[in-house]
Structure formats: structure tokens, C-alpha cells
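Please take a moment to look at the sequence and the fold before reading on, and keep both in view as the explanation moves from one part to another.

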Amino acid sequence: MNKKIAIIGGGNLGTAIAEGLLKSKFCKASDITITKRKIVTLENLKNMGVNVTSNNAEAVHKSELVILAVKPYQVSDVLNSFKKELTTKHILVSVVTGVLISEIGEIVKMKLPLFRAMPNTAIAIQESMTCFSFTNASTAHINVVKNLFSTLGEVVTIDEKLMEAATVLGACGTAFAMRYIRANIQGGIEIGFDAATASLIAAQTVKGAAELLLQKGSHPEQEIDKVTTPKGCTIAGLNEMEHQGFSSSLIKGIAVSYNKIAKS
Ligand SMILES: NC(=O)c1ccc[n+]([C@@H]2O[C@H](COP(=O)([O-])OP(=O)(O)OC[C@H]3O[C@@H](n4cnc5c(N)ncnc54)[C@H](OP(=O)(O)O)[C@@H]3O)[C@@H](O)[C@H]2O)c1
């Protein structure tokens, strides 16, 4: 991409985005500027050729695509630190949880393409699920943002009113999946594996199961049918899990997470 990118807030997510863009060769290191107040932690990116500064206004001035990756309570101060540099050539993408596009619009007080994106922590290995919404954006603007997040995993456009649901399913979902895998490891150890072998088997099996759905576009139940022999051990284990409330507990957990986020 030929646009210069400013990442405002070089924390966990901001640095993961910068690293992912470099690894995927989406743009040159010299086309990225990343900011934070204490820049010592950005030494690694600086050594790779990324511009590092604590001057948000300067970073935005030199760029066309601005990614805002600070904590929600910092949004107002940080936007005010650079909004005078925003022009109609800019695209502004916020990855800040819980801050509406309209709230950002009220602070910047100008009409420019505004995007809100919800990635997850797998963005660090270019395997994020990123949901995004936008306003004032042309097809060209949308394609720029879509291309950017496509280099960091899968992307889907959603209505902003689904952003809380996207946070639960896509971002909290990483933690839910980790617990499922951890439980498999615990079970694996109980039936004879050492922890390292159980971890490998559990993680790769879940990865393979997910890839089956993603690559073949099949429904989970179709893939389950292939593994469940009549009177066999898989169906016996699965049914016992369901008797203990397996699917129900996951659905209830997702609903509780959603109610919590929607009320706050
Ligand atoms: N982590 C995820 O996977 C994830 C997923 C989806 C959404 N999000 C959202 O993304 C945002 C960032 O999350 P995070 O986990 O990356 O948080 P984080 O690690 O705390 O990063 C925020 C960064 O902002 C910097 N910062 C604070 N004030 C600044 C200022 N005035 N100018 C420039 N930089 C400033 C901080 O560095 P200094 O203190 O040195 O300035 C810090 O490194 C949050 O709103 C979060 O909800 C995160």
C-alpha cells in the first residue's frame, strides 16, 4: 500500500498491528509511524526501520491512514492532541473498545472517513478476526481498511450496533477457546499424556477442526457426524458433555458476557 500509516498508541495492539503489517509486507517500515509517550518500549520496531515518536500531531501530519489504539479513557485527550492535523485526505480507524464512531466524530468535528474495528489478540500472528464498521467512507476507503486488516487475518463488515456482540464472539472468544483447550489438556493428562504432549495435541486438534470449517465451509455437525461411530467412544463422550451442560454453558457464558458489555 502506498499510504503512510500512523499508529497512535504503541501498546499491545498497536505494536502487534505494526509487526503484522511488516511481516506481511503490507507496507514499508519507513511508511509506518508509531507513537506513545514512553518510546523506549518501541526500540524493536525502531530497529526494523519504523518511525517512532511521542509526537502524535507530527505522526498524523505525515500520514494518510491513522490507527487509534489507546485505552478508551485516553481517547478524548489523544484525539485532541492531533485533531488539528487531520485533513480530508485522512482515514481514521479506531480500534478502541466501546467508543462509538459518533463520539469520535464529535471530538474531531470534521467530515472524514471514520472506521471502528474490533480485532483480537491473534492479530500478533496475523490470525485475527476483525469486525469493522464505518461512516463517510467511499468504496476506495473501505477497500484500504479491508486490505489492511486482511493482511492481519479475516475481516468482516458489520453494523456498528453489533460491535458489542463482535467483541464478545471475536475478542472474548479467544479466552473462551483457550479455556476449552485448557480443559482438553487437563483431560489429556488424566488419561496419560505429559503436559507438553497434551498441549500440542489439544491445540493442533482445535486448529485443525477450525480449519476444516473455514476451508470447507461445512457445518460443525457435518464434521461431527464423520467422527461419531454408532455406539462409539466419540458420541458417548459428546453426549455426556451435553448432559453436563456443555453447549448450554457456552451459550449462557456468551449471553452473560454480552449483557455485561451492553450494560456498561
Ligand atoms: N489487546 C487487544 O487484543 C485488543 C483487541 C481489541 C481492541 N483493543 C483495544 O485497543 C486499545 C489498546 O489496547 P492495548 O491492549 O494495546 O492497550 P495498551 O497496551 O495499554 O496500549 C495503549 C498505548 O497507548 C499509549 N498511549 C497512552 N497515552 C498516549 C498518548 N497521549 N499518545 C500516544 N500514545 C499514548 C500507551 O503508552 P504510553 O503510556 O507510553 O503513552 C500504551 O502503550 C484499547 O482501547 C483496547 O480496548 C485491544
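The paragraphs below go from the sheet to the helices that lie on it, and then to a patch on the surface.

The model is a predicted one, and a good place to begin is its open sheet of eight strands, which follow the order E3-E2-E1-E4-E5-E6-E7-E8 with mixed pairing. At the edges stand strand E3 (51–53) and strand E8 (153–157), each of which pairs on one side only, and from one strand to the next the twist averages 20 degrees. In general, the strands of a sheet pair through backbone hydrogen bonds, and they do so either parallel or antiparallel.

One pair within the sheet shows the parallel sense: strand E5 (residues 91–94) and strand E6 (residues 114–118) are joined over three bridges, and Leu 92 has Leu 114 in E6 as its bridge partner. Across E5, E6 and strand E7 (128–135) lies helix H5 (residues 101–108), which runs at about 140 degrees to E6. Helix H6 (residues 139–150) also packs on the sheet, where it touches strand E1 (5–8), strand E4 (65–68), E5, E6, E7 and E8, and its direction makes about 150 degrees with that of E8.

Turning to the surface, which residues form a nonpolar patch there? They are Leu 169, Phe 176 and Ile 254, which together have about 260 Å² of accessible area. Ile 254 belongs to helix H11 (residues 246–263), and this residue is partly exposed, with a relative accessible area of 30%.

Technical notes. Residues are numbered from 1 along each chain as its sequence is written. This is a predicted model: local features need pLDDT of at least 70, side-chain atom pairs count only at pLDDT 80 or more; totals for chains, interfaces and linings use all residues. Side-chain values use heavy atoms; hydrogens and water are left out. Patches are made of residues with over 30% relative accessible area and no salt bridge: like charges are joined within 9 Å, nonpolar side chains (Val, Leu, Ile, Met, Phe, Trp, Tyr) within 5 Å. Accessible areas come from the Shrake-Rupley method with a 1.4 Å probe; for residues, only the protein chains shown count as cover. A salt bridge is a side-chain nitrogen of Lys or Arg within 4 Å of a carboxyl oxygen of Asp or Glu. Helices (H or I, at least four residues) and strands (E, at least two) are DSSP runs, numbered from the N terminus. Buried means under 20% relative accessible area, exposed over 50%, partly exposed in between (1.4 Å probe, protein chains only). Two strands pair if DSSP finds at least two bridges between them. Axes are lines fitted to C-alpha atoms, for helices over the stretch in contact, and angles run from 0 to 180 degrees between N-to-C directions. Contact means heavy atoms within 4.5 Å.
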